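Let's take a walk through this one together. Have a look at the sequence and the model first, and then we'll go through it piece by piece.

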Amino acid sequence: MTVKARGAHAADQPIVAIDIARRAPGPRDVQIEIAYCGICHSDLHTVRGEWAGTLYPCVPGHEIVGEVSAVGNEVEGFKLGDIVGVGCIVGSCKQCSACDEGLEQYCERGMVGTYNGATADAPGHTLGGYSQRIVVDRDFVVHVRHPREQLAAVAPLLCAGITTYSPLRHWKVGPGSKVGIVGIGGLGHMGVKIAHAMGAHVVAFTTSESKRQAAHELGADEVVISRDAAQMKAHRGSFDFILNTVAASHDLDAYTSLLKRDGTLCLVGVPEHAHPSPYVGNLIFKRRAIAGSMIGGIAETQEMLDFCAQHGIVADIEMICADDIETAYERMLKSDVKYRFVIDAATM
Ligand code: NAP
Ligand code: ZN
């Protein structure tokens, strides 16, 4: 089946309309008519070849929500008309210790990404959610239980939501924790909302003075302009956990020095160029750690969606037409987005 999509033919080419093929649903597949797809900074890194290994044509998009239009005969738990989501993962080996523990994102044989992943389908790599339809193994589809009118704002939870929820859970953030969220973009604004809902004291770090008031409205108890050394110094040695979502290379020492003894700075941003090497003294003298975290497994993605539905959490979005993806990318590069662009797939 041919469907309309948006993608690029090379790293230096813009996003254009292309037709792609979707497989007929197999026995274990769920076919989804895509309603909305969020724009993640990873889409931009990938489609513009900022990370090695992009395969073209590249159709990005891994914040997918839509309606089930067909299911294979071995599919249980999903039926026609269900509102569902697909995030960053559409396959994994299902046999290794990571998969056994529901950590498909760390599959030892390599998870299959929703785009740029290995597949038997044409053209030999997966094509993502900037499209009208997708066909996905049922084990990688999740239920959306938010009110239907919120669906567009649910889309970003499938990556930005889970990528912040998973480390906040892993490092046991809750009442009594002082948590920093660095970079108030797509990921960071979800991190503020989720950490606040978990009961933490939340400090938002932003380079954008214009986001100060908005960060409070998202749920931040305090907002620090990270370019202001005096504001940074006031928080030295005080954080249990800092989640850093910044998409560009920067000085990490500015954040490790804000941690308490035994505190952790967790990186989720994957900038094109490496960060300057951090000062080890900052880590050694207070047994602090720098860690990383990648998205989240499927069970945890469902848990996060249900947590967000219970707490009334969705993303703050700006809806765009498919023709405006390049403009959205340019604005994202200027940190000019509050806080996630979402493509209306009806405009595909
Ligand atoms: P985004 O919407 O562009 O947000 C990034 C934010 O970082 C910006 O809004 C800005 O916030 C801040 N920032 C940008 N340039 C900066 C600079 N030079 N110095 C300091 N701060 C800067 O991006 P996103 O979609 O949230 O993604 C963030 C990063 O996470 C990307 O690298 C993406 O690829 C990665 N990612 C990783 C995972 C994972 O599993 N680990 C999953 C998804 C995405 P302020 O205006 O507040 O400063
Ligand atoms: Zn993403």
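Which backbone N or O atom lies 2.9 Å from a nitrogen atom of ligand 1? It belongs to Val268. Before we go further, keep in mind that this is a predicted model.

Val268 isn't alone in reaching for the ligand with its backbone: a polar backbone atom of Gly186 sits 2.9 Å from an oxygen atom of ligand 1. His41 uses its side chain instead, with an N or O atom there placed 2.7 Å from an oxygen atom of ligand 1. So how much of the ligand gets covered up? On its own, ligand 1 exposes 930 Å², and the protein buries 89% of that.

Now zoom out to the neighbours. There are 29 residues around ligand 1, and the ones that come nearest are His41, Thr206, Thr207, Ser208 and Arg340. Sort that shell by class and you get 13 nonpolar residues, 14 polar ones and two charged ones. Two elements each give two or more residues to the shell: helix H1, covering 41-47, and helix H5, covering 186-197. Of these, H1 provides the largest share, with three residues.

Let's stay with helix H5 for a moment, as Leu187 lies in it. Is Leu187 buried or exposed? Leu187 counts as buried because its relative accessible area is 14%, and the cut-off for buried is under 20%. Try finding Leu243 as well: along the chain it is 56 residues away from Leu187, while the C-alpha atoms of the two are separated by 9.9 Å.

Next, the aromatic rings. How many aromatic pairs turn up in a search of the whole structure? The search finds four. One of them joins Phe205 and Tyr255 in an edge-to-face arrangement, 5.4 Å from centre to centre and with 85° between the planes. This pair ties together distant parts of the chain: Phe205 is in strand S11 (residues 201-206), and Tyr255, 50 residues apart from it, is in helix H8 (residues 253-256). Both Phe205 and Tyr255 are buried.

The story of these rings doesn't end with two. Ring pairs link Phe205 and Tyr255 with Phe239 into a cluster. Phe239 has another partner of its own, and you can spot it in the model: Lys178 lies over the face of the Phe239 ring, 4.6 Å from the ring centre.

Notes
Residues are numbered from 1 along each chain as its sequence is written. Chains are lettered from A and ligands numbered from 1 in the order in which they are written. This is a predicted model: local features need pLDDT of at least 70, side-chain atom pairs count only at pLDDT 80 or more; totals for chains, interfaces and linings use all residues. Side-chain values use heavy atoms; hydrogens and water are left out. Rings of Phe, Tyr and Trp (its six-membered ring) pair if their centres lie within 6.5 Å; planes under 30 degrees apart count as stacked, over 60 as edge-to-face and the rest as tilted. Helices (H or I, at least four residues) and strands (E, at least two) are DSSP runs, numbered from the N terminus. Buried means under 20% relative accessible area, exposed over 50%, partly exposed in between (1.4 Å probe, protein chains only). A charge sits over a ring if NZ of Lys or CZ of Arg is within 6 Å of the ring centre and within 35 degrees of the ring normal. A residue is near a molecule or strand if one of its heavy atoms lies within 4 Å of it. A polar contact is a pair of N or O atoms within 3.5 Å; within protein, one must be able to donate a hydrogen and the other to accept it, and residues adjacent in sequence count only if both atoms are side-chain atoms. Accessible areas come from the Shrake-Rupley method with a 1.4 Å probe; for residues, only the protein chains shown count as cover. Ala, Val, Leu, Ile, Met, Phe, Trp, Tyr, Cys and Pro count as nonpolar, Asp, Glu, Lys and Arg as charged, and the others, Gly among them, as polar.
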